[in-house]
Amino acid sequence: MKKVFVGMSGDVFHHGHINIIETARKLGDVTVGLMTDEGIVSYKRPPLLNYDQRKKIIENIKGVSKVIPQDGLNDYIRIIRQLKPDYVVHGTDWREGIQKSTREKVIEVLKEVGGELIEPEYTKDISSTALVNELLELGTTPDVRLKKLRRLIKLKPIVRLLEVHNGLTGRIVEKTRVDLDGEIREFDGMWISSLTDSISKGKPDIEYVDFTSRNQTIDQICDVTTKPIIVDGDTGGMAEHFSYAVKTLERLGVSAVIIEDKIGLKRNSLFGADANQTQDSIENFSNKISAGKRSQVTEEFMIIARIESLILRKGIDNALERAYAYIQAGADGIMIHSKEKSPDEIVTFCKAYRHFDKKVPLIVVPTTYNQITEQELIDIGVNIVIYANHLLRSAYPPMLKTAETILKNGRSFEAEKLCLPINEILTLIPGGK
Ligand code: SPV
Ligand code: MG
């Protein structure tokens, strides 16, 4: 019996997959290399079904003898060297895009082991990616969305969030993708910033826009998106109030709330020591975290403690002492914030944090030290990066310019080139016609 190898993700299984397996089983004994969840997220969005669920399906397909884990596209090489298959079967789709270079490497290594590549014509008019996109357009449930963040943290080297403040910006995070030589890069989720939620309502970021109002923003965003959400919970208010907020956020399907260890009238952290800001005591803030944890309904919701020691110039040791205490109090994550132009103090904190015995996911918001790359953050152990205000900040200057242009000219003709064409805004959100 000849040995045949087929690599696949097998998420949203369809007749195109069956066509491949049918070709393979006519050639011999079929081993499927099933992409692990980590392997898939190394080049595209996480699968809808996890590895074990997909394995169960593929194992039960006629003609499949064995399913083995495949850890990403590069793992083809290891598997082929080990298995020494007579044939590798793959649809013609991998002649283009991210899998193109994998295909070339597979051809090389097949020469080494004396095997052959068989490429059945890719089944037209069906693709898992298109099916998944259609499923996502149907929407999601609070329960499914809430669980997504923990899964992403587990699977991805870094989880990438962008600020949203209404339904439209939610759609931008939901849909924007770039294709970098076949690697599909997108945002993993949304940050609901107190700064941009307040400013977009014409209010300062001083916790005046309270949870009742913030929840309306969140609800609006949930209505038109499926990606996970972290909410900026400001100081969390009084522990008694925070306990209620946690339950409401869970009911809405939010995955995590971040609360900052400040007390009294809250000012935005980026004012730093220029504004009158007071840090809470370790004891009081730890009690608030514990109260939130006790009130939680689901297992998966995360309460993340945000440390303001660097913002308030209290030093790294103070920040580390607080991180330790907040983890003891039950925090599911630590956000360390800085308003320095250089990332040095964040890097120092993250490196010291690595030596903690009990660690929880680490979150940073590189607004001022924005030269740091995601790869550099991964290297110092950061789990989540938040781009905290960029959609609102980038929208405001052109809006102001349009308003001024209309005033200066006494008509809108000159402003037209600054605007999205009417036919494009009409069709921006499907279903309008
Ligand atoms: C926000 O986005 O509201 C934040 C982050 O809290 S920062 O503005 O940097 O304080
Ligand atoms: Mg805020």
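Buried residues account for 50% of the 433 residues in the protein. The model is predicted. It contains 17 helices and 17 strands, and its C-alpha trace spans about 75 × 65 × 40 Å along the principal axes.

**Ligand 1 and its surroundings**

Ligand 1 occupies the space that is the largest cavity. Around ligand 1 stand Trp191, Ser193, Ser194, Leu195, Asp232, Asn268, Ser269, Leu270, Arg306, His337 and Ala388. By residue class, this shell divides into four nonpolar, five polar and two charged residues.

Oxygen atoms of ligand 1 have N or O atoms of the protein at the distances listed here.

| Residue | Part of the residue holding the N or O atom | Distance to an oxygen atom of ligand 1 |
|---|---|---|
| Serine 194 | side chain | 3.1 Å |
| Leucine 195 | backbone | 2.8 Å |
| Arginine 306 | side chain | 2.7 Å |

Taken alone, ligand 1 exposes 280 Å², and 99% of that area is buried by the protein.

Some of these residues can be placed in the secondary structure. Serine 194 and leucine 195 fall within the range of helix 9 (194–200). Arginine 306 falls within the range of strand 14 (302–307). Asp232, another residue around ligand 1, is the end residue of strand 10 (229–232).

**The loop between strand 10 and helix 11**

Strand 10 (229–232) is followed by a loop that leads to helix 11 (239–252), and aspartate 234 lies in this loop. Although aspartate 234 is not a glycine, its phi is positive, at about 50 degrees. Is aspartate 234 buried or exposed? Its relative accessible area is 3%, so aspartate 234 is buried, the cut-off for buried being under 20%.

Glycine 236 lies in the loop between strand 10 and helix 11. Glycine 236 is buried, with a relative accessible area of 3%. In space, the C-alpha atom of glycine 236 is 8.3 Å from that of isoleucine 258, with the two positions 22 residues apart in sequence numbering.

**The loop between helix 9 and helix 10**

Glutamate 207 is in the loop that joins helix 9 (194–200) to helix 10 (211–222). Glutamate 207 has a positive phi of about 70 degrees and is not a glycine. With a relative accessible area of 23%, glutamate 207 is partly exposed, because that class runs between the 20% and 50% limits.

**The loop between helix 12 and strand 14**

Glutamine 296 sits in the loop between helix 12 (282–295) and strand 14 (302–307). What does the side chain of glutamine 296 contact? It makes a polar contact with the side chain of lysine 293, at 2.7 Å. Lysine 293 falls within the range of helix 12. The relative accessibility of glutamine 296 is 13%, so this residue counts as buried.

**Helix 16**

Leucine 392 belongs to helix 16, which covers residues 390–409. A relative accessible area of 14% makes leucine 392 buried. Leucine 392 and leucine 48 are 344 residues apart in sequence, and their C-alpha atoms are 31 Å apart in space.

**Summary of the sites**

Ligand 1 fills the space of the largest cavity, with the protein burying 99% of the area that the ligand exposes when taken alone. Aspartate 234, glycine 236, glutamine 296 and leucine 392 are buried, whereas glutamate 207 is partly exposed.

Key. Residues numbered from 1 in each chain as written. Chains lettered and ligands numbered in written order. Predicted model: local features only at pLDDT ≥ 70, side-chain atom pairs only at ≥ 80, totals over all residues. Heavy atoms only, no water. Near = heavy atom within 4 Å. Polar contact = N/O pair within 3.5 Å; in protein donor to acceptor, adjacent residues only side chain to side chain. Areas by Shrake-Rupley, 256 points an atom, 1.4 Å probe, with all protein chains shown as cover. 1 Å grid on protein atoms, 1.4 Å probe; cavity = no way out; pocket = protein on both sides within 12 Å on 5 of 7 lines; lining within 4 Å. Sits in = over half its atoms within 2 Å of the grid points. Nonpolar A, V, L, I, M, F, W, Y, C, P; charged D, E, K, R; others polar. Helix = DSSP H or I, 4+ residues; strand = E, 2+ residues; numbered from the N terminus. Buried < 20%, exposed > 50% of the residue type's maximum accessible area, 1.4 Å probe, protein only.
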